[in-house]
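Biologist: Could you take one part of this protein and walk me through it slowly? I am new to this, so please explain the terms as you go.

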Amino acid sequence: MKKPNDDQGSTAQAFCRGCGKRILLSRFKFCPDCALLDARMENENLTAGARKSFWSYRRTYGLKCCFSGVSLELDDDTGPWYLVFSRLDPDDRNKVAAASALFNAMKAGMTKKELKYYALALNDHREKNLKVRKIPLVHWHGLNLSKDDRVCAGCGRAAALKGRKYCARCARIERRMQRARFPREAILGVWEYIRKYGFVCYYTGMALDLDDPPSPWYLVFDHWMPRDPRKIVITSSVVNLMKSDLTEKDFWYFIRQLANYYRKGSPVRKRKLSSWSRPYSLQKISDNFI
């Protein structure tokens with residue numbers, strides 16, 4: 001009687017080149033999830049070093065956000081928890097990890113360490129009324145503005161411009177708001193705030209930079225309620241990017257969540273965001289500013 005072959009009925013297996021998990025042997029190199037991620041990296045022209053860095057992170061941490069530890073999603077590219085490829089060092093194209101679209105937007109042009117610092121500092125300002133101390137942002141490139149958009153450092157402190165009611169710096173701010181087509185009620189609200197509090201951030205009380213557009217603390221305008229032009233507030237470039245498409249309530253909620261995650265290791269709790277409307281795409285920092 002013929003002995004049955006030990007290999008009959010068994011299925012040869014291999015390992016996914018992405019996550020390292022065992023998969024059925026076939027012509028494919030990746031499991032379905034990693035095949036999707038590999039195709040996205042190909043479309044987004046990630047370098048070989050970036051891919052190696054991402055797969056290393058994927059094998060070690062799975063589908064978890066490198067900034068918050070939240071689980072990531074692969075299907076809905078309009079959601080805040082969609083997996084995106086985030087540069088840990090903004091100027092290094094070869095250091096890439098998985099992050100949620102939300103926290104990657106909040107990271108903006110900062111390093112992971114700088115995001116942690118400002119999340120903790122903002123939470124302390126909110127909870128304990130402590131002053132936010134500025135630290136240099138080593139990779140901050142600021143806004144890519146044209147020559148016409150630059151604030152004049154020479155006449156920025158003049159008392160008034162001849163024939164106008166604004167000083168030079170306020171005339172510039174007025175021009176920026178007019179070009180952005182803000183409603184009159186929103187513009188009047190900005191001037192009322194400035195007259196009362198000065199050129200300080202609406203969210204943090206930090207003094208804003210009026211003369212240096214590349215600065216992370218340069219004065220920019222934020223829709224207090226995302227996409228609602230009726231109320232515009234002034235804030236810094238870095239805080240504006242961190243707030244992204246969040247309401248003020250959601251912004252402070254996630255600042256507190258990040259602070260607890262960094263200090264106590266508490267898991268970040270997701271919650272539904274009614275205001276989030278940002279399909280994932282690779283954009284320059286300057287695309288987020290007015």
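Modeller: Happily; here is a close look at one strand, with a little about its surroundings.

This is a predicted model, where local features need pLDDT of at least 70, side-chain atom pairs count only at pLDDT 80 or more, and totals for chains, interfaces and linings use all residues. Residues are numbered from 1 along each chain as its sequence is written, and side-chain values use heavy atoms, with hydrogens and water left out.

The protein has eight helices and six strands. Helices (H or I, at least four residues) and strands (E, at least two) are DSSP runs, numbered from the N terminus.

Our part is strand β6, residues 232-236. Five of its five residues are buried, so β6 is largely enclosed by the rest of the structure. Buried here means under 20% relative accessible area, with a 1.4 Å probe and protein chains only. In a regular strand the side chains alternate between the two faces of the sheet. In β6, I232, I234 and S236 lie on one side, while V233 and T235 lie on the other, and both faces are covered.

Next comes the partner. Strand β5, residues 219-223, pairs with β6 in the antiparallel sense over five bridges; two strands pair if DSSP finds at least two bridges between them. One of the links to look for joins F221 to its bridge partner in β6, I234. That same I234 is among the buried residues of the strand.

For the wider setting, buried residues make up 47% of the 290 residues in the protein.

Note on methods: Buried < 20%, exposed > 50% of the residue type's maximum accessible area, 1.4 Å probe, protein only.
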